[in-house]
Amino acid sequence: MSIADITAQASVAAGARQDIAGPYGPKPRRVISRRNVFLYGTLFVMAVYYLLPLYVMIVTSLKGMPEIRLGNIFSPPLEITFEPWVKAWSTACTGLNCDGLSRGFWNSVRITVPSVLLSIAIASVNGYALANWRFKGADTFFIILIVGAFIPYQVMIYPIVIILREIGLYGSLSGLVIVHSIFGMPILTLLFRNYFASMPEELFRAARVDGAGFWGIFLRIMLPMSLPIFVVAIILQVTGIWNDFLFGVVYTRPDTYPMTVQLNNIVNSVQGVKEYNVNMAATILTGLVPLIVYFISGKLFVRGIAAGAVKG
Amino acid sequence: MRGRECTALTQPADEMSKSARPNLLFRNLNAKVASIPMILTAMVVFVGGTVWTVLYSFTNSKLLPRLNFVGLDQYYRLWAAPRWLISIENLLIYGAISLVFSLVIGFLLAALLDQKIRFEDTFRTIFLYPFALSFIVTGLVWQWLLNPDFGIQHVVRDLGWTSFSFDPLYNSSIVIYGISIAALWQGTGLIMCLMLAGLRGIDEDIWKAARVDGIPMWKTYLFIVIPMMRPVFITTLVIIASGIVKVYDLVVAQTSGGPGIASEVPAKYVYDYMFFAQNLGQGFAASTMMLLSVVIVIVPWAYLEFGRRK
């Protein structure tokens, strides 16, 4: 079974569960059986383990520092204060800059939006060309691209530094946008190629007979029909690019650092008194965008990560 | 424009009269133009970049890359560096833990969710949400939870067990386990999802047959279902393995490689030597070793996956 099959299956699992009651109908079961207690008990304990860090983050960010020093990290705040949030957003210091995470947030927005658009535009056209307009050698490039997805980024970061320096984009946001488009390409191209290849061939042929060309078919037929896969790609890229740290730290300068890099600098800075509540507020703020994407997109997110999992 | 596309429509006939059409390069031109970014990425960045790095790993480049070949010098120095050896050791421990525990926990969670339970969606959402968070966020949360003065150790001591000690991030002999805990929290949701997909792919009749034969559930899982899920396991294994080699952000956020150099990993070694120590040759040699480790994992898999099909 290939990765693509697993991807497809994951999306099935994510979708509605098939009814498999069989011809006998469900066996009547007592609600509180030993099996159920064990089953739900285990699941509940695991759920608590998974939720605990999120809970501690929120609780800590709402406490004042004196309360943190006295109490325990699991206890709910006695006095709720939003001051840490305000401070994390607007006045927390990284080095000499003291304008908080807001700078990193807007940098991340300015990185993520064009990167998502550019990478998806490139990859969807690539996938379309590979699925419907295959030219000699196209598959070779595609295989190289997919194999390239497994090469550790560390192997390629320095050559890219040189390339970006040559074209004068090293350290700028546009340079980082190009880097994200490059490294998003393998998985997105695979995603789009498989999707376009699964579309009925007759559709494409009919459009050709009617005289539509490469771009005409893409813009007027393929694009309107492939909205779901675009949504999956957007989810994948928004979370992936927002969460990136390595490329941000390599290809940008302190005043253009994305949010993750700035967050790390705020929390792990050695000077000054550690303000754990501000740190946790900053951490939640950084995690908020992908979390919102996750909770809104639900099953589509599962499809996206199952596809993105290839990236490792 | 029209004319060229019509000839493309009748491609089989075209192939026969290939010699009559010298302009093969311009056939299907739009697709070729549209694929330029892909071709450039594949050839310049992936192939070119990799060859470049491997080539320069045999030089003594310091601040700037220079083609001054010194043979395997960088590699000898690399394997003599205590920091690199610690990095490798950490990677092996971290890798073994990630591999075993994420497979076991991921499979168990998937099997539990597959019991036709109620609130399945809720549980799945809870198990998977950490995967949406970045390694930086994950690392910082766990840094706080494992903080000996305020975190879990402090809480347990307050409950009366005063000799309780759990400070993995400040104890160099177990620091890599502290990082693994965070990594497992972040990553097992994904493995669970893949396993669940695999379990849903198993024919329900298999379960019925096993039940009719009176085979206990754990035996059905162990001897029937898991062997049937071999392809899923292999793919999951590849995903976990290629994630292990890349571990970087988590360590940076959680410990910055400390205490001392106790939690260094290869990816961090590469970054530090390239951008801080200004010893590019060492960085290139280390990244080539990372590439080699991926090749060792990927090639047998690709052979199994694609070799057999032919």
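This is a guided tour of a predicted model, with selections to make in turn and a note on what each one shows.

**Start with confidence.** Before looking at any detail, colour the complex by pLDDT, bearing in mind that the predictor gives it an ipTM of 0.84 and a pTM of 0.85. For chain B the mean pLDDT is 85, and 91% of its residues reach 70 or more. Now select residues 1–19 of chain B, where the pLDDT is below 50 and where the model has 7 contacts beyond near neighbours in sequence. Where pLDDT is low, predicted coordinates should not be read in detail.

**Chain B as a whole.** Select chain B and show it as a cartoon, in which 16 helices and 0 strands appear. Its C-alpha trace spans about 90 × 70 × 35 Å along the principal axes, and its radius of gyration is 26 Å, whereas a compact globule of 310 residues would have one near 19 Å. Buried residues make up 42% of the 310 residues in this chain. Of the contacts in chain B with a separation of 6 or more, 67% are between residues 24 or more positions apart.

**The two domains.** Colour residues 2–56 of chain B as domain 1 and residues 73–307 as domain 2, following the domain assignment. The C-alpha centres of these two domains of chain B lie 40 Å apart, and the contact between them takes 4 residues from domain 1 and 4 residues from domain 2. On the side of domain 1 that touches domain 2, the residues divide into 2 nonpolar, 2 polar and no charged.

**The contact between the chains.** Next, bring chain A back into view and select the residues at its contact with chain B, which takes 77 residues from chain A and 82 residues from chain B. On the chain A side, the largest share comes from helix α2 (residues 34–61) of chain A, with 11 residues. The residues on that side of chain A divide into 55 nonpolar, 21 polar and 1 charged.

**The largest nonpolar core.** Select A:L191, A:A282, B:M195 and B:A286, which are the residues with the most contacts inside the largest nonpolar core, a set of 156 residues. Helix α10 (residues 175–200) of chain B gives the most to this core, with 15 residues. Domain 1 and domain 2 of chain B both give residues to the core, so it lies between them. To look around one of its members, centre on B:M195, which touches B:G106, B:F107, B:A110 and B:V232 when residues up to four places away in sequence are not counted.

**A stop at B:Y94.** Move to helix α6 (residues 82–113) of chain B, where B:Y94 has its place. Is B:Y94 buried or exposed? B:Y94 counts as buried because it has 21 C-beta neighbours inside 10 Å, and the cut-off is 20 or more. Leaving aside residues up to four places away in sequence, B:Y94 touches B:I176, B:I179, B:S180, B:I244 and B:V247. For a distance to draw in the viewer, take B:Y94 and B:V141, which are 47 residues apart along the chain and whose C-alpha atoms are separated by 19 Å.

**Last selection: helix α15.** Finish with residues 266–275 of chain B, helix α15, which is mostly covered, with 8 of its 10 residues buried. The buried residues in α15(B) are B:P266, B:A267, B:K268, B:Y269, B:V270, B:Y271, B:Y273 and B:M274.

Note on methods: Residues numbered from 1 in each chain as written. Chains lettered and ligands numbered in written order. Predicted model: local features only at pLDDT ≥ 70, side-chain atom pairs only at ≥ 80, totals over all residues. Contact = placed C-beta atoms within 7 Å. Helix = DSSP H or I, 4+ residues; strand = E, 2+ residues; numbered from the N terminus. Nonpolar A, V, L, I, M, F, W, Y, C, P; charged D, E, K, R; others polar. Rg over C-alpha atoms; globule rule 2.2 N^0.38 Å. Buried ≥ 20, exposed ≤ 12 C-beta atoms within 10 Å, placed from the backbone. Core = buried A, V, L, I, M, F, W, Y, C linked by C-beta atoms within 7 Å. Domains from an automatic or database assignment. pLDDT = per-residue confidence, 0-100.
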